[in-house]
Amino acid sequence: MFGGYALSPILCSAILLLAGKRNIAGWRWIFLLEGLLTIIVGLLMFLFLPGSPMHPYPLLSKKLSFFSDREMFILKNRLTSEERTDEQLHPITKQHIKEAVLQWRRYPHLFATATVFATWSPLTTYTPTIIQSAGFTRIQANALTAVGGFLAVLVVFLFGVLSDKTNARGLTVLVATLLYGITLIILHEILPRVNSDRWKVFGLWTLVNAFAVGYHPVQNTWLQLNCRSPQERSISIALWVMFAMIGLMAGSQLFRADDSPTYNKASLAMICMVFCGFLISTVQFLIYYIHNRKLERQLPENLSDSYSFFL
């Protein structure tokens, strides 16, 4: 997703060069060519995607296989392994849904995601327009937007590595969210004073875009690690995605025409939302920490139905 956000502005910049060709506007060329590319990729996936580990051939050919004999042996044995319990093979039931939805300890994950991720929506929509309004051409603005997108991919990767190396998922989420909030404060305080310098405007918005999603994948991992079964994990991921989409829809209303070109009110609202999400994630961390401490104080024989959380 974030890689697509990084590549899309470059692709748009190239397509916009066709503006006026065959009397077709630039934005129409974008819809036509990117839509056509999407259809082609979808057809290729339909034709070439392997069916299953038991039938690893694509629809196009029963002879074409993307797996070696060794890989096929591993895949089939994983499916038929006696180590897979009945719980892992059991489908999701209404009871699983009920238990996952009523798991109150999980809701800070969901609310923090909705609150902070909402601030990414206006960045994806308005950053090219903001950069263009600073004095760049439309094609230049789209190309420059990609810089923040590529930096965001790098930041996401770095926080992912940090999370894995330290095994401190919650603290990584808090650090990433805090750094994002700091970049927004820098933007809010400095942008009104340098708005006449187009490169400083570009630099400030690029900084914000770079740190806007560093916390997001780690928040997902943190949630999944604290699920007890594949069913609970699947339902929790679905809830997490739903809350993230709700946040994106709400965030699309942050930037208003009467607030341009600095969007001072919007950046202040984003600061409040990010630090609200930071506090919610802190509550999540404390919930897990307090639960784990209680388990440590209990006798081993009382822990049969309890489990500790990953911090």
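**Exercise 1. An aromatic cluster**

Which residues form one aromatic cluster with Phe 2? Find them, then look at what surrounds Trp 120.

*Solution.* Please keep in mind that this is a predicted model.

Step 1. The cluster is made up of Phe 2, Tyr 5, Phe 117 and Trp 120.

Step 2. Now place two of these residues: Phe 2 and Tyr 5 are among the buried residues of helix α1.

Step 3. Turn to Trp 120. Leaving aside residues up to four places away in sequence, Trp 120 touches Met 1, Phe 2, Tyr 5, Ala 212, Val 213 and Leu 248.

Step 4. Finally, look at the wider setting. The largest nonpolar core has 41 residues, and within this core Trp 120 and Tyr 180 touch the most other members. Another core, of eight residues, lies apart from it, with Ala 114, Ile 235, Trp 240 and Phe 243 among its members. As a general background, nonpolar side chains tend to be buried together in soluble globular proteins.

**Exercise 2. Following helix α1**

Describe helix α1: its span, its bend and what covers its buried residues.

*Solution.*

Step 1. Start with the span. Helix α1 has 15 residues and reaches 22 Å from its first C-alpha to its last, which is close to the 21 Å expected at 1.5 Å a residue.

Step 2. Look for a bend. At Ser 8 the helix α1 bends by about 25 degrees, and a proline, Pro 9, follows within four residues.

Step 3. List the buried residues. They are Phe 2, Tyr 5, Ala 6, Pro 9, Cys 12, Ser 13, Ile 15 and Leu 16.

Step 4. See what lies over them. The cover includes α2, α6, α7 (120-133), α8 (138-166), α10 (198-211) and α11 (216-225).

**Exercise 3. Two aromatic pairs**

Compare the pair Tyr 107 and Phe 111 with the pair Tyr 288 and Phe 309: how are the rings arranged, and where do the residues lie?

*Solution.*

Step 1. The structure holds 17 aromatic pairs. One of them joins Tyr 107 and Phe 111, with 6.1 Å centre to centre and 35 degrees between the planes, so the pair is tilted, as angles from 30 to 60 degrees count as tilted.

Step 2. Place this pair. Tyr 107 and Phe 111 both lie in helix α6 (residues 107-117), four residues apart, about one turn of the helix. An α-helix has 3.6 residues a turn, so residues three or four places apart point the same way.

Step 3. Check exposure. Tyr 107 is partly exposed, with a relative accessible area of 23%, and Phe 111 is partly exposed as well, with 42%.

Step 4. Go on to the second pair. Tyr 288 and Phe 309 are stacked, with 4.3 Å centre to centre and 20 degrees between the planes. Tyr 288 lies in helix α13 and Phe 309 in the segment after α13, so the pair ties together parts that are 21 residues apart in sequence.

Step 5. Check exposure again. Tyr 288 is buried, with a relative accessible area of 2%, and Phe 309 is buried at 6%.

**Exercise 4. Unusual backbone spots**

Where do Asn 23 and Tyr 263 lie, and is each of them buried or exposed? Then look at the peptide bond before Pro 261.

*Solution.*

Step 1. Recall the usual case: most residues other than glycine have a negative phi, and most peptide bonds are trans.

Step 2. Take Asn 23. This residue is not a glycine, yet its phi is positive, about 60 degrees. Asn 23 lies in the loop between α1 (2-16) and α2 (26-48), and is exposed, with a relative accessible area of 77%.

Step 3. Take Tyr 263. Here too phi is positive, about 50 degrees, in a residue that is not a glycine. Tyr 263 lies in the loop between α12 and α13, but is buried, with a relative accessible area of 8%.

Step 4. Look at the peptide bond. From Ser 260 to Pro 261 the bond is cis, with omega near 5 degrees. Pro 261 is found in the loop between α12 (230-251) and α13 (264-297).

**Exercise 5. A buried asparagine**

Which residues does Asn 220 touch, not counting residues up to four places away in sequence?

*Solution.*

Step 1. Locate Asn 220 in helix α11.

Step 2. Asn 220 is buried, with a relative accessible area of 16%, because buried means under 20%.

Step 3. The residues it touches are Ile 237 and Trp 240.

How values were computed. Residues are numbered from 1 along each chain as its sequence is written. This is a predicted model: local features need pLDDT of at least 70, side-chain atom pairs count only at pLDDT 80 or more; totals for chains, interfaces and linings use all residues. Side-chain values use heavy atoms; hydrogens and water are left out. Helices (H or I, at least four residues) and strands (E, at least two) are DSSP runs, numbered from the N terminus. Buried means under 20% relative accessible area, exposed over 50%, partly exposed in between (1.4 Å probe, protein chains only). Rings of Phe, Tyr and Trp (its six-membered ring) pair if their centres lie within 6.5 Å; planes under 30 degrees apart count as stacked, over 60 as edge-to-face and the rest as tilted. A nonpolar core is a set of buried Ala, Val, Leu, Ile, Met, Phe, Trp, Tyr and Cys residues joined through side-chain atoms within 4.5 Å. Contact means heavy atoms within 4.5 Å. The expected span of a helix is 1.5 Å times one less than its number of residues. The bend at a residue is the angle between axes fitted to the seven residues ending there and the seven starting there.
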